[in-house]
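Suppose a learner sits down with a teacher and asks how to read a protein model, one feature at a time. Their conversation is set down below.

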Amino acid sequence: MEMTVVFADLASFTEMTGRLGATSTYSVVDEFLRLASTTLTSHGAFIDKYIGDAVMALFNVPIKRADHAAAAVAASAKLQELLPELSGRLGMPLHVSIGIASGYARVGRLGSDDIKDYTAIGDVVNQAARLQAQADPTEILVSQDVYREVASAYPGVPAETLVLKGFPQRTVGFRLNGKPRAVLSAGSWMPEDRPAMNWSAVILAFLGSGCLGSNVAAALVLAFGGGSAGALYALARWFDSSPARVPFLILSTLIALIVLVSLERQRRMRRDCIARRSCLDLTAQESRQIRLAAGLAVASLMLIALELLMHYLIGHPLVQQPSL
């Protein structure tokens with residue numbers, strides 16, 4: 001079932017307990033949870049559970065509403081707005097960090113038929129909890145799905161990448177009333193997941209391709225003169241008769257294969273991440289970089305295959321000279 005999950009947690013709970021003692025802390029947390037519950041339910045939330053000084057609330061279950069993401073954000077903003085009043089009444093500063101995510105989860109009763117055991121289980125619940133853990137006091141940190149529904153009310157909020165515990169892919173988040181970190185440009189995906197532009201496989205393949213490498217380098221020498229091309233020619237000629245040629249070819253083959261396997265794995269993970277709408281799409285530049293990385297790896301394998309073919313033809317000529 002589709003829903004929006006809210007986690008709201010009172011900040012500095014451990015410090016408060018040590019400073020105030022158990023009895024006073026109990027009263028403060030009770031007041032906060034009462035305020036949070038009243039505020040959230042007034043916007044259509046179902047209070048799932050209390051976890052210490054935190055509250056977990058569900059929107060769109062069990063009562064359906066089309067604007068569940070917007071309602072969750074509105075309720076959270078209202079809670080942040082009311083908290084200073086509670087702080088003044090209790091005579092101490094109180095701050096709450098909030099995480100909100102939208103998605104699909106399984107809902108029902110767990111362990112008994114009692115209504116109090118009605119809960120939700122799924123990635124969206126874990127995502128909301130992880131977002132709350134990365135939200136600073138006074139912040140509302142929301143997932144990309146949630147922000148899409150409230151972008152008109154919070155225009156221009158930059159996207160940022162977040163590493164959430166238990167999630168293999170980085171998540172896109174938006175801080176509605178906080179300072180963004182690791183900002184992404186609109187329409188981009190996670191830059192940390194771009195494949196490295198590594199030329200090592202091509203270079204190793206070229207150097208290891210003894211006769212082929214030396215022929216190409218010789219052409220460079222004739223066309224452009226000595227210098228670096230001449231040094232490359234000498235190095236390629238040395239590799240042609242060096243025992244290191246075969247290990248270099250094997251190493252360059254392994255590097256190229258690892259690059260291709262890594263790109264394919266990233267492609268599948270990115271496709272799943274975008275399907276869950278937890279990631280932004282790739283930009284045209286990032287797509288070109290991925291194609292370049294794949295092209296370099298394929299070029300390395302083709303270079304190695306051509307080198308092996310040339311050595312085979314040299315060792316097994318197609319036309320036999322007639323014997324005299």
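The dialogue goes from the whole chain to strands, cores, backbone angles and a pocket.

Q: Where do I start, and how many helices and strands are there in the protein chain?
A: Start with the status of the model: it is predicted. The protein chain has ten helices and ten strands. Of its 324 residues, 41% are buried.

Q: What share of the contacts in the protein chain between residues at least 6 apart in sequence join residues at least 24 apart?
A: The share is 69%. For a single case, take Phe 174 and Ser 143, which are 31 residues apart in sequence and 6.4 Å apart in space, C-alpha to C-alpha.

Q: How do I read the surroundings of one residue such as Phe 174, and is Phe 174 buried or exposed?
A: Look at its accessibility, then at its contacts. Buried means under 20% relative accessible area. Phe 174 is found in strand E9, and at 6% relative accessibility Phe 174 is therefore buried. Leaving aside neighbours within four places in sequence, its contacts include Ile 140, Leu 141, Val 142 and Ser 143. Gln 144, Tyr 147, Val 157, Pro 158 and Ala 159 are also among the residues in contact with Phe 174.

Q: Which strands pair with E7, and in what sense?
A: For strand pairing, read the direction and the bridges. Strand E4 (residues 96-104) runs parallel to E7 and is joined to E7 by three bridges. Strand E9 (residues 171-175) pairs with E7 in the antiparallel sense, over three bridges. Leu 141 is the bridge partner of Gly 99, and Leu 141 also stands opposite Arg 175 in E9.

Q: Are the faces of strand E7 covered or open?
A: Check the residues on each side of the strand. In E7 (residues 140-143), both faces are covered: Ile 140 and Val 142 are buried on one side, and Leu 141 and Ser 143 are buried on the other.

Q: Why is E3 described as largely enclosed by the rest of the structure?
A: The description follows from burial: six of the six residues of E3 are buried, so E3 is largely enclosed. Ala 54, Met 56 and Leu 58 lie on one side, with Val 55, Ala 57 and Phe 59 on the other.

Q: What are the pairing partners of E3?
A: E1 is joined to E3 by six bridges, and the two run antiparallel. Within that pairing, Met 56 is the bridge partner of Phe 7. Strand E2 (residues 46-51) also runs antiparallel to E3, with five bridges, and Tyr 50 stands opposite Val 55. E2 and E3 form a hairpin with two residues between them, and Gly 52 in the turn has a positive phi of about 65 degrees.

Q: How do I read a nonpolar core, and which residues touch the most other members of the largest one?
A: In soluble globular proteins, nonpolar side chains tend to be buried together. The largest nonpolar core here has 39 residues, and Leu 40, Ile 100 and Val 142 touch the most other members. Elements that each supply at least two residues include strand E1 (2-10), helix H2 (22-42), helix H3 (68-90) and helix H5 (144-150). H3 gives the most, with eight residues. A second, separate core of 20 residues includes Met 56, Val 107, Ala 120 and Phe 167.

Q: What should I look for in the backbone angles?
A: Most residues other than glycine have a negative phi, and most peptide bonds are trans. Val 61 and Pro 62 are joined by a cis peptide bond, with omega about -5 degrees. Asn 60 is not a glycine, yet has a positive phi of about 85 degrees. Asn 60 lies in the loop between E3 and H3, and so does Pro 62. Thr 138 also has a positive phi, about 80 degrees, and lies in the loop between helix H4 (123-134) and E7.

Q: Is Asn 60 buried or exposed, and what about Thr 138?
A: Asn 60 is buried, with a relative accessible area of 6%. Thr 138 counts as partly exposed, at 33% relative accessibility.

Q: How do I read a pocket, and how much space lies in the second largest pocket?
A: Take the volume, then the lining. The second largest pocket holds about 170 Å³ of space. Eleven residues line this pocket, and Glu 2, His 68, Ala 69, Asp 145 and Glu 149 are the closest to its centre. H3 and H5 each supply at least two residues of the lining. By type, the lining has three nonpolar, two polar and six charged residues.

Note on methods:
Residues numbered from 1 in each chain as written. Predicted model: local features only at pLDDT ≥ 70, side-chain atom pairs only at ≥ 80, totals over all residues. Heavy atoms only, no water. Buried < 20%, exposed > 50% of the residue type's maximum accessible area, 1.4 Å probe, protein only. Helix = DSSP H or I, 4+ residues; strand = E, 2+ residues; numbered from the N terminus. Pairing = 2+ DSSP bridges. Core = buried A, V, L, I, M, F, W, Y, C linked by side-chain atoms within 4.5 Å. 1 Å grid on protein atoms, 1.4 Å probe; cavity = no way out; pocket = protein on both sides within 12 Å on 5 of 7 lines; lining within 4 Å. Points joined across faces, edges and corners; volume = space filled by probe spheres on them. Nonpolar A, V, L, I, M, F, W, Y, C, P; charged D, E, K, R; others polar. Contact = heavy atoms within 4.5 Å.
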